[in-house]
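Biologist: Could you pull up the model and talk me through a few spots in it? I'd like to start with whatever the records annotate.

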Amino acid sequence: DFGMMTYDPAFMNTASCRSSITYIDGDKGILEYRGYPIEQLAEKSTYLEVAYLLIHGELPNQKQLDEWTYQITTHTFVHENLKQFCEGFRYDAHPMGMLLATTGALSTFYPDANKIDDPEIRYSHVVRLIAKMPTLAAFAYRHARGMPYVYPDNDLNYPGNFLGMLFKMTELKYQPDPRIERALDILFILHADHEQNCSTSAVRAVGSSQVDPYSAVAAGVAALYGPLHGGANEAVLRMLRRIGTLENVPAFVEGVKNGNERLMGFGHRVYKNYDPRAKIIKKACEDVFEVTGTSPLLDIAVELEKIALEDEYFVSRKLYPNVDFYSGLIYEALGMPVDMFPVLFAIPRTSGWIAQWLEMTQDKEQKIARPRQIYTGGRTLDYVPIGDR
Ligand code: SDX
């Protein structure tokens, strides 16, 4: 809805659309999905229930939740040809690159992919995308390790089914640890939506051309792949490993302050206070480590945070831990390899992307995305023959 566009002199802080899905107050560190505080949802809800809330605008009753869960569960499988498509990728392909390709390829498997005017067909795309992302993500994981793919086990819940497709190694039924399942479910809740961030803006912009939702969500995967966005949790782990010991922390902080390093997992375009998700993830970290055993990297992360919250360089720039600072530590503890971290962001963010896409397609005043520019080039120049240049 770029008719609404108003921009401030900084130009970059442009209001691009109306939305009633997610509310953020960056100065107060507030995040609400459809008006519900993220702290309550992380403590009391499940990812599938939160996905329903984002899509439908209200919390489901038991009958609605059961129907929603049944719909998602019965759509977790992907077409056999898509599995063969994956088998054609290089083994060293980054899982996010594979997810980008397979998400976009979904549009070629459904003849009604572009029929987005029909509400029922539109809703079927919503269900398919939320249901199939864990399967595509698990295929990418197994492919990169030369392992046979594991098909969904619909007796398991949403996070458990994903863990099974990743880690099942025998014919025996996969039995995930409920504490690991719950930790992953909380991470999925925290990553589900975040207003008009880079990848969601990409989904809205591409979707505003009325392309099919699979291609629009693939644009979100592409944007999330970047190290400044969804790739940040992967970059945090690599940064903590590179620091290596507590003794190296002060030298690294000096490197940040003189511009040679970037403190990945810190800073945010909107939060100029503590990212509320980071607080919840830090607590979840401690809970998971009770199960898996702690990581020496946590001590380094806590020390980095302690220094940064007191140091003028970070305080003056309002740099606080964001959602990515601690999430990588949990993923590592859950046995996830670093290259899967952005993929773990894409799975739950699919419900936010598709909720925003749905809201946009139902907004009758929606126009095709057409951001304006501040032109800084030359004007009305005469053509110069090449011999005179
Ligand atoms: C996500 O938008 C969303 O909602 C995103 C997200 C979501 O849920 O969708 O929340 C997920 O992407 C979280 C952010 C993950 N990225 C990182 O952790 C990468 C590291 N952080 C940054 O690169 C940076 O903080 C951004 C990109 C997140 C935000 O950048 P801004 O707001 O454009 O900040 P800036 O570049 O204008 O920086 C202001 C100052 C600069 O210093 P000066 O030029 O004034 O001297 O702060 C400095 C920057 O150099 N700065 C940092 C820093 N982030 C900003 N210095 C060191 N380390 C950092 N991380």
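Modeller: What follows goes through the annotated positions, a helix pair and some loops, and please keep in mind that this is a predicted model.

Biologist: Okay, which residues does UniProt list for "active site"?

Modeller: The UniProt entry, which is unreviewed, lists His268 and Asp324 under "active site". They are spread over 57 residues of sequence, yet they cluster in space, with a largest C-alpha distance of 10.4 Å.

Biologist: Where is His268 found?

Modeller: His268 sits in the loop between α12 (249-257) and α13 (276-292). Setting aside residues up to four places away in sequence, His268 touches His194, Asp275, Arg277 and Asn322.

Biologist: And what does its side chain reach, I mean that of His268?

Modeller: The side chain of His268 reaches the backbone nitrogen of Tyr271, at 3.2 Å.

Biologist: Now Asp324: buried or exposed?

Modeller: Asp324 counts as buried because its relative accessibility is 5%, which falls under the 20% cut-off. His268, by contrast, has a relative accessibility of 22% and therefore counts as partly exposed.

Biologist: What is Asp324 in contact with?

Modeller: Leaving out neighbours within four places in sequence, Asp324 is in contact with His229, Ala232, Asn233, Val236, Gly265 and Phe345. Asp324 itself is found in helix α16, and its contact Phe345 is a residue of α17.

Biologist: So how do α16 and α17 pack, and at what angle?

Modeller: Helix α16 (residues 324-333) packs against helix α17 (residues 341-361) at an angle of about 105 degrees, and their axes are 10 Å apart. That angle makes α16 roughly perpendicular to α17, since angles of 65 to 115 degrees are counted that way.

Biologist: Which residues meet there, from α16 and from α17?

Modeller: From α16 the residues are Asp324, Gly328, Tyr331 and Glu332, and they meet Phe341, Leu344 and Phe345 of α17. By type, the residues of this contact divide into four nonpolar, one polar and two charged.

Biologist: Switching topic, why is helix α2 described as largely enclosed?

Modeller: Helix α2 covers residues 47-56, and nine of its 10 residues are buried, so the helix is largely enclosed by the rest of the structure. The buried residues are Tyr47, Leu48, Glu49, Val50, Ala51, Tyr52, Leu53, Leu54 and Ile55. Just after α2 comes Gly57, which takes a positive phi of about 85 degrees.

Biologist: Which residues other than glycine have a positive phi, for instance in the loops?

Modeller: Arg34 is one of them, with a phi near 50 degrees, and it is found in the loop between β4 (30-33) and β5 (36-37). Gln210 is another, with a phi near 70 degrees, in the loop between α9 and α10 (213-224). Gln210 has a relative accessible area of 59%, and therefore it counts as exposed.

Biologist: One last spot: where does Gln196 lie, and what does it touch?

Modeller: Gln196 lies in the loop between α8 (178-190) and α9 (198-207). Not counting residues up to four places away in sequence, Gln196 touches Ser16, Cys17, Ser19, Ser201, Arg204 and Gln356.

Biologist: Which side chain does Gln196 join in a polar contact?

Modeller: The side chain of Gln196 makes a polar contact of 2.8 Å with the side chain of Gln356.

How values were computed
Residues are numbered from 1 along each chain as its sequence is written. This is a predicted model: local features need pLDDT of at least 70, side-chain atom pairs count only at pLDDT 80 or more; totals for chains, interfaces and linings use all residues. Side-chain values use heavy atoms; hydrogens and water are left out. Axes are lines fitted to C-alpha atoms, for helices over the stretch in contact, and angles run from 0 to 180 degrees between N-to-C directions. Helices (H or I, at least four residues) and strands (E, at least two) are DSSP runs, numbered from the N terminus. Angles under 35 degrees count as roughly parallel, over 145 as roughly antiparallel, 65 to 115 as roughly perpendicular and the rest as oblique. Contact means heavy atoms within 4.5 Å. Ala, Val, Leu, Ile, Met, Phe, Trp, Tyr, Cys and Pro count as nonpolar, Asp, Glu, Lys and Arg as charged, and the others, Gly among them, as polar. UniProt positions are given in the numbering used here, feature names are shortened, and annotations may be inferred rather than shown by experiment. Buried means under 20% relative accessible area, exposed over 50%, partly exposed in between (1.4 Å probe, protein chains only). A polar contact is a pair of N or O atoms within 3.5 Å; within protein, one must be able to donate a hydrogen and the other to accept it, and residues adjacent in sequence count only if both atoms are side-chain atoms.
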